[in-house]
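Hi,

Here's the structure I promised to pass on. Have a look at it first, and then read my notes below.

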Amino acid sequence: MFSKQGVMSKRWGFAAMVFVAVGCGGVPGEEEALTPEPESPRMTASALVGNGYTAASWGTTQDTTGVDLDSSTDRTCFLSGVAGNLSRGEEMALAEEAVASVLYRSGNYWLVAHGGATANQVNDKVWHNTPVMAQSTCFLTATNVKNATWTSDATVVPPVKIADLDPSNRRQCFLSGLLGVDGAWNNNSRYARVMKKADGWYVESNMTLNYPRARVMARCVDFPAGTVFSTKTVTAGTGTPVTEALTTGTGVKACALTGVQGAFNQNSWTDGALLNFPSTVDGNWTATVTGGKTAHYTCAR
């Protein structure tokens, strides 16, 4: 039985960290995946070489520690995929929100993904044992990093500014975290996104929850001169998952999420918007989107 997944891209592109799945017997089915066990992530990592990116994937029901993505001194990390149930969780001190996030802790970035929990009448934490899968891309640049968090309220909260525009047009912003509570992502109209407007970059959502509250986190960084950006939107109907290319051509490139829309309320490791990492050094990225969702990506090369 399993209560977590830890799968990683191969060592391609600029560089890639490799995380080893915990347990045995391959990828678990949903019933197996939701059976709780003590969580003790294992990790191996390749040495980083050159410039470029690292990419990681991690999913659990209960692990609040996550996976260390290494120092923030030479990289900036973002959310590049999310799946599972972000609509079960609480904001109370003894409970847990459902989390798919790239967090900053004591100089390092951490990829954290877990389901939500509530507190019972005697203040014990009671996990819902719902799965959340998250993916991250860390671009090897750390110039002018800016962060912002949008927090829901009883009415729609205005967009929150992350950063001013960059005169050289090298600044790019992505989602860095989604924190969900009961009812946060319960229909296909829900969205979270970063937007480039006339006076800067903003993070916004249309969730209306006063308490408990949902949160959307975003992060910006300035890329090196000569970086070329491209965007892609992938939309899936309610039936068969849709897989589409995010990049084309030769050369190393990497992608991360700028927005998602849909109902993230299924107890599944794969129902969501997830990247498929390239299998060759100059390969191209694809994204698989399921369950009536839409995902917006920006890629850098």
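Before we start, one term: two strands count as paired if DSSP finds at least two bridges between them. Also keep in mind that this is a predicted model.

Let's begin with strand 14, which covers residues 200–205. Is this strand buried or exposed? Of its 6 residues, 6 are buried, so strand 14 is largely enclosed by the rest of the structure. (Buried here means under 20% relative accessible area.)

Now for its partners. Strand 13 (residues 191–197) pairs with strand 14 in the antiparallel sense, over 6 bridges. A hairpin of 2 residues links strand 13 to strand 14. Strand 11 (residues 160–163) pairs with strand 14 too, again antiparallel, this time over 3 bridges.

Which residue should you click on to see both pairings? Try Val 203 in strand 14: Val 160 has it as its bridge partner, and Val 194 stands opposite it.

Next, the open sheet. It is made of 6 strands in the order 3-6-5-12-15-10, with antiparallel pairing. Which strands sit at the edges? They are strand 3 (67–71) and strand 10 (143–151), each of which pairs on one side only. On average, neighbouring strands in this sheet are turned by 25° against each other, ignoring direction.

If you'd like one pair from that sheet to trace yourself, take strand 5 (residues 98–105) and strand 6 (residues 108–114): they pair in the antiparallel sense over 7 bridges. Ala 100 stands opposite Ala 113 of strand 6. As background, strands of a sheet pair through backbone hydrogen bonds.

Have fun with it!

Note on methods:
Residues are numbered from 1 along each chain as its sequence is written. This is a predicted model: local features need pLDDT of at least 70, side-chain atom pairs count only at pLDDT 80 or more; totals for chains, interfaces and linings use all residues. Side-chain values use heavy atoms; hydrogens and water are left out. Buried means under 20% relative accessible area, exposed over 50%, partly exposed in between (1.4 Å probe, protein chains only). Helices (H or I, at least four residues) and strands (E, at least two) are DSSP runs, numbered from the N terminus. Axes are lines fitted to C-alpha atoms, for helices over the stretch in contact, and angles run from 0 to 180 degrees between N-to-C directions.
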